[in-house]
Amino acid sequence: MKHRSGLIVLTCLSAGHLKAVSHVKMFESRVFQTARWSALLLGVFYGKQRFEYLKPIAEEERRVEEAEKKAREEQERIYKQLSEGNTGPHPH
């Protein structure tokens, strides 16, 4: 019994059987490599499509957040001016 790259392969004394096992391993290896590369390329393609879909949504959210931040800062500035004006002596 040999352990190679996560697969356990039973070997016997017959040279023909060893040759058949090596061809099967090589075929399985190519199938797995093809599947892995295909999955990788599909993932890259999906990621690009998803990014292009989400990009305008994120830009709109940033614009809204910036407008809210400006409004909040303006409110804080007004509140600060009012509170400073209320703490001082009133000229009557």
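The protein chain holds one helix and two strands. This is a predicted model. Read from the N terminus, the order of elements is β-β-α. The helix, α1, spans residues 15-87.

Burial comes next. The chain has 92 residues, and buried ones make up 2% of them. The exposed area of the chain is about 8800 Å². Carbon and sulfur atoms supply 62% of that area.

Part of the surface is a nonpolar patch. F27, V31 and F32 make it, and it covers about 320 Å². F32 sits in helix α1. Its relative accessible area is 47%, so F32 counts as partly exposed. The cut-off for exposed is over 50%.

Now the charged pairs. The whole structure contains two salt bridges. One joins R63 to E60, with the closest N and O atoms 2.8 Å apart. Both residues belong to helix α1. They are three residues apart, about one turn of the helix. R63 is exposed, because its relative accessible area is 52%. E60 has 39% relative accessibility and is therefore partly exposed.

R77 and E74 form a salt bridge as well. Here the closest N and O atoms are 2.3 Å apart. R77 and E74 also lie in helix α1; they are three residues apart, so about one helical turn separates them. R77 is partly exposed, at 39% relative accessibility. E74 is partly exposed too, with a relative accessible area of 35%.

Note on methods. Residues are numbered from 1 along each chain as its sequence is written. This is a predicted model: local features need pLDDT of at least 70, side-chain atom pairs count only at pLDDT 80 or more; totals for chains, interfaces and linings use all residues. Side-chain values use heavy atoms; hydrogens and water are left out. Helices (H or I, at least four residues) and strands (E, at least two) are DSSP runs, numbered from the N terminus. Buried means under 20% relative accessible area, exposed over 50%, partly exposed in between (1.4 Å probe, protein chains only). Accessible areas come from the Shrake-Rupley method with a 1.4 Å probe; for residues, only the protein chains shown count as cover. Patches are made of residues with over 30% relative accessible area and no salt bridge: like charges are joined within 9 Å, nonpolar side chains (Val, Leu, Ile, Met, Phe, Trp, Tyr) within 5 Å. A salt bridge is a side-chain nitrogen of Lys or Arg within 4 Å of a carboxyl oxygen of Asp or Glu.
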